[in-house]
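Me: I'd like to go through this model with you piece by piece, starting with the terms. Could you take my questions as they come?

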Amino acid sequence: MPQPFIVTAVLPRDLQAFAQGLRRAHYPPEKNHLHAHVTLFHAFAPSLLEELRDFLPRVASEFAAPEGAVKGVMDLGKGTAIALEAPQLLALREGLAEHFRGSLTEQDLYEPRPHVTIQNKVTKDEARALQAALPTLLAPWIAKGRFAFPALALHRYCGGPWEEIKTCAFRGRERL
């Protein structure tokens, strides 16, 4: 699919800065085109742009910011991620998936495991080395407890980098 649209959950600034620093340090620089993010949907067809532009702000205006927490290290095989616990975010994603039922790609039919990729496309040995060192760095974030995802973001895939289309801040009262 040429230039699909991606929907992500925005991280709070402090966690975003921490994860971004880890990406800069551990992601192969020639492949690191993106900022640290939590992907909710990998590929919406370009024909859905107007519907996404209308629907995402309505959802964000209805719901309070979903909460999450840093859970630990996630092994991606040839990469490493920060594993997140985010049942409210997954409930929100389920509602979005239901709205776009029939339009989801095979990859987006499955419930994701919320995470922030900080290393990918490296050797298994490189990934294991980072995974062994990461628990100490994550300990303060795990101890910190819950945080709120401040917004949803819509991006267009541009062959590597993403173009940000719209960010929709959560401002509703309804809790998931």
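Reply: Let me fix one term to begin with: buried means under 20% relative accessible area, exposed means over 50%, and partly exposed is in between, with a 1.4 Å probe and protein chains only. This is a predicted model, in which local features need pLDDT of at least 70, side-chain atom pairs count only at pLDDT 80 or more, and totals for chains, interfaces and linings use all residues. Residues are numbered from 1 along each chain as its sequence is written, and side-chain values use heavy atoms, with hydrogens and water left out.

Me: Ok, is Glu163 buried, exposed or partly exposed, and which is it?

Reply: Glu163 counts as partly exposed, because its relative accessibility is 36%. Glu163 also forms a salt bridge with Arg156, where the closest N and O atoms are 3.0 Å apart; a salt bridge here is a side-chain nitrogen of Lys or Arg within 4 Å of a carboxyl oxygen of Asp or Glu.

Me: How many salt bridges does a search of the whole structure find?

Reply: The search finds six. One of them joins the side chains of Asp14 and Lys144, at 2.3 Å from N to O, and this pair links distant parts of the chain, with Asp14 in helix H1 and Lys144 in helix H4, 130 residues apart. Helices (H or I, at least four residues) and strands (E, at least two) are DSSP runs, numbered from the N terminus. Asp14 itself is partly exposed, with a relative accessible area of 36%.

Me: And what does Arg146 meet in a salt bridge?

Reply: The side chain of Arg146 meets that of Glu67, at 3.4 Å from N to O. Here too the pair links distant parts of the chain, since Arg146 is in strand S6 and Glu67 is in strand S3, 79 residues apart. Arg146 counts as partly exposed because its relative accessibility is 42%, and Glu67 counts as partly exposed at 28%.

Me: Where do those strands sit in the sheet order?

Reply: Four strands form an open sheet in the order S5-S4-S3-S6, with antiparallel pairing; two strands pair if DSSP finds at least two bridges between them. The edge strands are S5 (115-119) and S6 (146-148), each pairing on one side only. Between S3 (residues 67-75) and S6 there are three bridges, and Ala69 stands opposite Arg146 in S6.

Me: Back to H4: is Trp141 buried or exposed?

Reply: Trp141 counts as buried, because its relative accessibility is 16%. Its place is in helix H4 (residues 124-144). Leaving aside neighbours within four places in sequence, Trp141 is in contact (heavy atoms within 4.5 Å) with Asp14, Leu15, Phe18 and Val70. Gly72 is 69 residues from Trp141 in sequence, and the two are 9.0 Å apart in space, C-alpha to C-alpha.

Me: Changing topic, which residues of H2 meet H3?

Reply: Glu51, Phe55, Leu56 and Val59 in H2 meet Leu92, Leu96 and His99 in H3. By class, that contact has five nonpolar, one polar and one charged residues, where Ala, Val, Leu, Ile, Met, Phe, Trp, Tyr, Cys and Pro count as nonpolar, Asp, Glu, Lys and Arg as charged, and the others, Gly among them, as polar.
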